[in-house]
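Grab the structure and work through these exercises at your own pace. Each one sets a task and then walks you through a solution.

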Amino acid sequence: MLSNYFPYGFNRLELRDEWRLENRKAFANIWSDMIFGVSLFILLYCNQSKVALLKFTGYKIINNISDTGKAFLIILITDIFLGYHSESGWQTLLEIFVEHYGIDVDQSAITIFICLIPVIIDACVKLWLFKFLPRLSPKVANIFREMQRH
């Protein structure tokens, strides 16, 4: 009966049960995330007046920040998510996301994702900063131009 045991003392039945439990957790995560997404959409759709109030409040808060503060926030957010030091953060976030749905972590796919997606997002942010931001807030655009010279 030694064929039922792996070299390190793991029973095949124990491993099978553990694998089934992981699959059930992944399946439950998928369903719970879908239910959450649908519920959130229904709540936002049915309460459009409250969503509009939240958006208005957000715009008022952003408009009350000085132009230097807005430039600082843009730089801070882009450096956190798109800076050179954020590679390990992206990797950790992707590993958590992939393991949440019960998928095996493929380091090469994560590396390719990290090499492409933050660069694409960075290019889009820079396009927005230098093409569309001057129309919205000329002072913030001037701050970024001054920063480029130094």
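**Exercise 1.** Decide whether Trp19 is buried, partly exposed or exposed.

*Solution.* Start with the relative accessible area of Trp19, which is 56% in this predicted model. Next, recall that exposed means over 50%. Trp19 is therefore exposed, because its 56% lies over the 50% cut-off. To place the residue, look along helix H1, residues 12–46, where Trp19 sits. Finally, check how far Trp19 is from Lys126: the two are 107 residues apart along the chain, and their C-alpha atoms are separated by 45 Å.

**Exercise 2.** Now classify Leu15 and Thr92 by accessibility.

*Solution.* Take Leu15, which is also part of helix H1. Its relative accessibility is 31%. Values from 20% to 50% fall between buried and exposed, so Leu15 counts as partly exposed. Thr92 belongs to helix H4, and at 43% relative accessibility this residue is partly exposed too. For a sense of distance, the C-alpha atoms of Leu15 and Phe81 are 39 Å apart, with their positions 66 residues apart along the chain. Thr92 and Leu53 are 39 residues apart in sequence, and 35 Å separates them C-alpha to C-alpha.

**Exercise 3.** Find the domains of the chain and say how far apart their centres are.

*Solution.* The domain assignment splits out domain 1, covering 1–47, and domain 2, covering 65–148. Going from the C-alpha centre of domain 1 to that of domain 2 takes you 32 Å.

**Exercise 4.** Which residues make up the largest nonpolar core, and which elements give two or more of them?

*Solution.* First list the members: Ala71, Ile74, Leu82, Val125, Leu129, Leu133, Val140 and Phe144, 8 residues in all. Then sort them by element: helix H3 (67–82), helix H5 (107–136) and helix H6 (138–149) each give two or more residues to this core. Now zoom in on Leu133. Leaving out residues up to four places away in sequence, Leu133 touches Ile74, Trp128, Pro138, Val140 and Phe144.

**Exercise 5.** Describe the largest pocket and its lining.

*Solution.* Begin with the volume: the largest pocket holds about 640 Å³ of space. Its lining has 22 residues, and Asp79, Leu82, Gly83, Asp122 and Lys126 are the ones nearest the centre. H3, helix H4 (87–100), H5 and H6 are the elements that give two or more residues to that lining. H5 contributes the most, with 9 residues.

**Exercise 6.** Check what the UniProt record says about transmembrane regions, then compare two of those spans with the model.

*Solution.* The unreviewed UniProt entry lists "transmembrane region" for residues 26–46, 67–84 and 109–129. Try residues 26–46: this span is 100% helix and 0% strand, and its end C-alpha atoms lie 30 Å apart. Then try residues 109–129, which are 100% helix and 0% strand, with 30 Å between the end C-alpha atoms.

How values were computed:
Residues are numbered from 1 along each chain as its sequence is written. This is a predicted model: local features need pLDDT of at least 70, side-chain atom pairs count only at pLDDT 80 or more; totals for chains, interfaces and linings use all residues. Side-chain values use heavy atoms; hydrogens and water are left out. Domain bounds come from an automatic or database domain assignment. A nonpolar core is a set of buried Ala, Val, Leu, Ile, Met, Phe, Trp, Tyr and Cys residues joined through side-chain atoms within 4.5 Å. Buried means under 20% relative accessible area, exposed over 50%, partly exposed in between (1.4 Å probe, protein chains only). Helices (H or I, at least four residues) and strands (E, at least two) are DSSP runs, numbered from the N terminus. Contact means heavy atoms within 4.5 Å. UniProt positions are given in the numbering used here, feature names are shortened, and annotations may be inferred rather than shown by experiment. On a 1 Å grid over the protein atoms alone, a cavity is a set of points where a 1.4 Å probe fits but cannot get out, and a pocket is an open set with protein on both sides within 12 Å along at least five of seven lines; lining residues have an atom within 4 Å of a point. Grid points are joined across faces, edges and corners, and a volume is the space filled by probe spheres set on the points.
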